[in-house]
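Welcome! Have the sequence and the 3D view at hand, and try each exercise before you read its solution.

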Amino acid sequence: MTWNSTMSSGYSSLEEDSEEYFFTARTSFFRKPSGKVTVSQVSQDVEKERELRTEFSREEIRQRIEQYNMLTKDHLKMTLNPTGAYTGFIKVQMDLRRPVTVRGGQRGAGGGRGEEAFYLPRGVTNTLHISSNNTVKQVIAALLNKFTVADNPAKYALYKRYRREEQVYVCKLADGEQPLFLRLVAGPEGDTLSFVLREQQTGEVMWDAFSIPELRNFLRILEKEEKEQKEALQRRYDAYRLRLQEALREVRGPS
């Protein structure tokens, strides 16, 4: 599995070191629904099961790759290797709501590299060059490694998102599934199929899965956000108070 270029261009490489950019906490742990599109979490995806059972001959794969390459508009084509495996590109959107623990921060008292919690920028898309043999589990590990994330990969999941009859469906992919095969079957259009990296959605945050330094970082972030909210609320009521005082002076007239 290889990566090229930098995050700023949306295309990354594990073979080349590049400077990464992280954003500190500016939003809450909890996200309000956008209301722009209707998203359905599909627990049992019949289409996914059908794809997992589908096997193509080498000739069928060759024909599908040729068709795929003719349809693609961004020059991210697939290549069939003599071994029968094929390589190509997938785009993965980062949609992480909670901060991640990043390695390589300031050195601690013992001289080792410390860890710090950051919010990764929402909506950033990375383009991965992978093989048809690469699994979802490998793609997740590679993404976290690129961003020097120290968190357990089991905390994250790769989802496929697709549109059908003006409805957007999101389905969690199993660790053993092969994203490039799904891309080949769906074709190159992003509206037909896209990949999203998210936290595991278990209904509740599993705090015992986090380390003590991670929990302390979360507390610092929450305290910072609480302070900002209090200051914003105070400014709001100060403004209301001034308006009321001005209205009272106008009603009473000059004393």
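Here are four short exercises on this predicted model, each with a worked solution.

**Exercise 1. Get an overview of the fold: how many helices and strands does the protein chain have, and in which order do they come?**

Step 1: Count the elements. The protein chain holds five helices and nine strands.

Step 2: Walk along the sequence. The elements follow the pattern β-α-α-β-β-β-β-β-α-β-β-α-β-α.

Step 3: Look at the contacts. Among those with a separation of 6 or more, 70% are between residues 24 or more positions apart.

Step 4: Turn to the surface. Buried residues make up 36% of the 255 residues, and the accessible surface comes to about 16,300 Å², with 50% of that belonging to carbon and sulfur atoms.

**Exercise 2. Find the salt-bridge partner of R198 and say where each of the two residues sits.**

Step 1: Begin with the total. Searching the whole structure gives eight salt bridges.

Step 2: Pick out R198. Its partner is D95, and the closest N and O atoms are 3.1 Å apart.

Step 3: Place both residues. R198 belongs to strand β9 (residues 194-199), whereas D95 lies in the loop between β3 (86-94) and β4 (100-107). The pair is 103 residues apart and links distant parts of the chain.

Step 4: Are R198 and D95 buried or exposed? Both residues are buried.

**Exercise 3. Explore helix α5: what separates K224 from E228, and how accessible are they?**

Step 1: Check the distance. The side chains of K224 and E228 form a salt bridge, 2.8 Å from N to O.

Step 2: Use the helix. K224 and E228 are about one helical turn apart because they are four residues apart in helix α5 (residues 212-252).

Step 3: Classify the two residues. The partly exposed range starts at 20% and ends at 50% relative accessible area. K224 has 36% relative accessibility, so it counts as partly exposed; E228, at 28%, counts as partly exposed too.

**Exercise 4. Examine E226 and K230, then look for a network of salt bridges.**

Step 1: Check the distance. E226 and K230 meet through their side chains in a salt bridge of 3.5 Å, N to O.

Step 2: Place the pair. Both residues lie in helix α5, four residues apart, about one turn of the helix.

Step 3: Classify each one. E226 is partly exposed at 44% relative accessibility, while K230 is exposed, because its relative accessible area is 55% and exposed means over 50%.

Step 4: Find the network. Salt bridges link E59, R62 and E66.

Note on methods:
Residues are numbered from 1 along each chain as its sequence is written. This is a predicted model: local features need pLDDT of at least 70, side-chain atom pairs count only at pLDDT 80 or more; totals for chains, interfaces and linings use all residues. Side-chain values use heavy atoms; hydrogens and water are left out. A salt bridge is a side-chain nitrogen of Lys or Arg within 4 Å of a carboxyl oxygen of Asp or Glu. Buried means under 20% relative accessible area, exposed over 50%, partly exposed in between (1.4 Å probe, protein chains only). Contact means heavy atoms within 4.5 Å. Accessible areas come from the Shrake-Rupley method with a 1.4 Å probe; for residues, only the protein chains shown count as cover.
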